[in-house]
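Biologist: Hey, got a minute to go through this one with me? I'd like to start with how the chains touch.

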Amino acid sequence: MADYLPHTPDEVGQMLSFLGMDSLEQLFAHIPAAVRVSQGLDLLEGMSEPDVAAVFRQYTSANLAQATEMTCFAGAGVYDHEVPAVVKMLAGRSEFVTAYTPYQPEVAQGVLQAIFEYQTLISRLSGLPIPNASLYDAATALVEALNMAHGANARQKMVISTGVHPHWRAVAKTFAIGTGHEIVEVGLKDGVTDWGSVDASNAAAIVAAYPNYLGVMEDMTSAKEMALAHDALFILGADPVAAGVLKTAGQWGADVFIGEGQPFGTPLAFGGPFLGLFACSNDQVRRLPGRIVGETVDSNQRRSFVTTLRAREQDIRREKATSNVCTNQTLMAVTAAIQLGWLGTFGLREVAIRCAQGAHYLHDELMKIDGVTTVSSQPFFREFAIRLTSNASSVLKSMADDGVLGGVAVAALTFGDDSSIAHDIENVLLVTVTERRTKEEIDRYVEVLRKAVGE
Amino acid sequence: MTKRAQPGGRAASAPLLGHGTEPTLFELSVPGRSSYQLRTTGVPATTFEQLVPLVHRNPDVVAIAEVSERDLVGHFTRLSHRQFAVDLGMYPLGSCTMKYNPKFCDAIAADPGLNTVHPGAPAALTQGWLELLTTLEARLCAITGMAGATLQPAAGAAGELTGLLLMRAFHSANGDARKRILIPDSAHGTNPASVTLGGYEVTTIPSNDRGLVDLEKLKAALGPDVAGIMLTNPNTLGLFEEEITEIATAVHDVGGLLYYDGANLNAILGVVRPGDMGFDIVHMNLHKTFATPHGGGGPGAGPVAVSKRLLDFLPGPKATRLDDGSFDWVKPVQSIGRVHGWHGNAMVLARALAYIDVHGGDGLTRVAQYAVLNANWLRHRLRETLPAAHDRVCMHECVLTASTLKTKYGVRGLDVAKALLEEGFHSPTVYFPLIVEEALMFEPTETESLQTLEALAEALERIAQRAINDPEALRHAPQTTPVSRVDEARAARHLIPTEDAADRS
């Protein structure tokens, strides 16, 4: 009998007799017999841990795209960054891992202070004063930002650049079914948002990404001007690693910053759990979604931290809450604080610049291959899109045979056509380079792609 | 029994060291220090100016912190010493199911074969992950009695909203615009908040004097504009809704759907399945029922399982087994779309599958049995000290009340909860459900021993004695924890969410 239950048969007997019962079944006697499970659950018998581990080895051996086995050039918001032993060990401390939401601040100062430090870092990287304690991921952060915009001006029209990650947009569209928001997508021209093509009158929000999902650094001046002209909120999704060197969301005039925090110490993890980054201007503080930690003092005047502005939250405001978020991604936020502490002011800059150096070196080498062209002529940062003469997914599969995960096929992200790519979206490949990739690995990428496209 | 008590839970007080304030990461920072070490790559060192046009450059350096690795380790280790956790002691927080988190499941999730896989890699290169996800889906359906599930929702509240959107899609497909969702007055706060975001209005159904849904009042509230009802069963009082079949029939009769809030699923594993009770949509909190660690407030995972008639609406793309035995991402025909940036909180999903497979059907049934046994033992053990709001057989949790202590000695439920921290136990959930005066909601879970339960009961008896002898001191508890009661009003009145908003002079 494999499980984690401490009860001995003797103790079960004692406890039942204390309750005046003689079988466990009596505890459930009040449940109508008609709905009871009669034959047990249709599951296997329990197995020991080593037996379950053996089953899991079948799953892991069928995952060919392990970054430890296949050199990773895939990005699309999820990056293979260095996560050192010290970060893994600190973030893996069971006091952080096995705690609940910090409802009792007297015994939760560890998590609360770590979140306060995380909030400080997100505020600095976003250039906005009011961060929250995390959301599920960037996509749900976008949904919360749209709800905030609706709360601010009671309008429903959300004008979103297709430079915003296709998955984030997809999630926003799903949740718009409930809120009734009208999502208006703005296409890209040469990788840059064609703001002139859209009527933004009566918009609740203008949403852009920086760099956009194709890696292009767009000048955000026109997006901001459009938001100002229509009195809409300007929501900017930004790469938090690039935020170490590029202009911050605040510097571009954004009212809300959202982002994907996975690059700060979280592994690729097949897409989750990740970390939804969120910060906003002072004007929006009463509409902030999720939790926020604030500094205060205890009854002995010692510095303390506590979740605050609780009157916005679902357990108090119920149907009038600013959001339904309860559980968030605290452990990833704590991890981000530790990873950023390890990188420090200059480490983060170094990582950002090295990513850009690697990406530019690879891009320039790829442009020498016949049949490989660029999707945008505009400046990119650490990721770029290339156009092949054949299906990008097939090319990826053949590169995988040579041990290289060559990127992410854009059509696999969009599940069909998308106005971010003018034509033949199935031939477009998104490629990234992180600070972990050596020149040797990049040169090998070039060789393997050359072979895959049959040059 | 009492004499043999070994207070396992009390061991928790020892690690909470240090009553001095821990400096912030920023206060530890000294210009010129660093910790990071990166790979030597040989990539040409193009200058920043060549890489980034002027208009995009941040004119300022964004300050993070500058600390040595030694200081980093010291800082976060000391912070961890100021934090209670399941691994330190009993965490009887009602409705949260803070059971022991098996280390094996964490080790499974740390395997590079799972956690170094990029979510955007082609399905052909991630077959193991797709098989794992479809296997988990099948297990969750077997446990809940449903036909299919989405694993995308990142937590319970995300699952609730997903479920409401499924409800809306179902009714819309039938050309049926409905407006209202019924919710009992004992419901979790996420329920009504999700209803609003799902575009519906809330109608609250009162509980009867037995703490259950008032069937007559429910029937009176039903009508053709009702989209459905959200219920948790057992409810938040820890009581099983005995008239569930009648409730289901009444709601189905007006064309409504039944939504099961899986927060309390731990009580009924292998005992009764939501599908058999008539529910159409079920969300599960894997971080509760299936013991994935809660991480100080997340990550969780909130898969949603549905009955056959809702299968086509499930979020997608969804990992699916094809006829040739391989796996691919497939979008259900009338899918509501994505509800997560990728495929859900995959590492949490993997842990939950490992937990389910270790237990099997027989083990999961024991989980529910012993969770219910522990809650009833505690309820009965404390009947003189803190009587239950409804003193009859409960499920996995019991709602006790401190109303007598309040009337007689002016000691509130909150004071009892705070004093319990001094005893080395985490507090129960206080003032919830809202319909019970001075509520203290205890969920001991199945992984706590009889000895720990006894130690908890004795601690509560000591607190009740203190309420008689020195109520004033209780109102200032706890004093032995890293900080004492904090000034919450000040935190809200003068918001300091960052180091930069704080006055450090």
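Modeller: Sure, one term before the counting: a polar contact is a pair of N or O atoms within 3.5 Å, and within protein one must be able to donate a hydrogen and the other to accept it. Also keep in mind that this is a predicted model.

Biologist: OK, so how many residue pairs are in polar contact between chain B and chain A?

Modeller: The count is 89 residue pairs, with both residues at pLDDT 80 or more.

Biologist: And which helix gives the most to the side of chain B that touches chain A?

Modeller: That's helix α12 of chain B, residues 346–381, which puts in 27 residues. Split by type, the side of chain B that touches chain A has 108 nonpolar, 64 polar and 37 charged residues.

Biologist: How many residues are in contact on each side?

Modeller: On chain B it's 209 residues, and they are in contact with 189 residues of chain A.

Biologist: What area do the two chains bury between them?

Modeller: Chain B and chain A bury about 17200 Å², and 65% of that is on carbon and sulfur atoms.

Biologist: Now the charged stuff. How many salt bridges go across the interface?

Modeller: The rule finds six across the interface of chain B and chain A. One salt bridge pairs the side chains of B:Arg366 and A:Asp3, at 2.9 Å from N to O. Another salt bridge is made by B:Glu27 and A:Arg303, at 2.7 Å.

Biologist: Why does the B:Glu27 and A:Arg303 pair join two chains?

Modeller: Because B:Glu27 sits in the segment before α1 (48–51) of chain B, while A:Arg303 belongs to strand β12 (residues 303–307) of chain A.

Biologist: Is A:Arg303 buried or exposed?

Modeller: A:Arg303 counts as buried, at 17% relative accessibility, since the cut-off for buried is under 20%. Its partner B:Glu27 is partly exposed, with a relative accessible area of 36%.

Biologist: What's the salt bridge count over all chains?

Modeller: It comes to 46. Among them is a pair in chain A, A:Lys173 with A:Glu185, at 3.0 Å from N to O. That pair links distant parts of the chain: A:Lys173 is in helix α7 (residues 166–179) and A:Glu185 is in strand β4 (residues 182–186), twelve residues apart.

Biologist: How accessible are A:Lys173 and A:Glu185?

Modeller: A:Lys173 is partly exposed at 40% relative accessibility, and A:Glu185 is partly exposed too, with 28%.

Biologist: Got one within chain B?

Modeller: Yes, B:Glu472 and B:Arg475 meet in a salt bridge at 3.0 Å, N to O. B:Glu472 is partly exposed at 41% relative accessibility, and B:Arg475 is partly exposed at 31%.

Biologist: Which residues do salt bridges with shared partners join into one network?

Modeller: A:Asp80, A:Glu82, A:Arg436, A:Arg437, A:Glu441 and B:Arg39.

Biologist: Switching topic: how many helices and strands does chain B have?

Modeller: Chain B has 17 helices and twelve strands. It is as compact as a globular protein of that length, because its radius of gyration is 25 Å, close to the 23 Å that the globule rule gives for 505 residues.

Biologist: What does chain B span along its principal axes?

Modeller: The C-alpha trace of chain B spans about 75 × 65 × 45 Å.

Biologist: What share of chain B is buried?

Modeller: Buried residues make up 67% of its 505 residues. As for contacts in chain B between residues at least 6 apart in sequence, 70% of them join residues at least 24 apart.

Technical notes:
Residues numbered from 1 in each chain as written. Chains lettered and ligands numbered in written order. Heavy atoms only, no water. Salt bridge = Lys/Arg side-chain N within 4 Å of Asp/Glu carboxyl O. Helix = DSSP H or I, 4+ residues; strand = E, 2+ residues; numbered from the N terminus. Buried < 20%, exposed > 50% of the residue type's maximum accessible area, 1.4 Å probe, protein only. Contact = heavy atoms within 4.5 Å. Buried area = accessible area lost by both parts, 1.4 Å probe. Polar contact = N/O pair within 3.5 Å; in protein donor to acceptor, adjacent residues only side chain to side chain. Nonpolar A, V, L, I, M, F, W, Y, C, P; charged D, E, K, R; others polar. Rg over C-alpha atoms; globule rule 2.2 N^0.38 Å.
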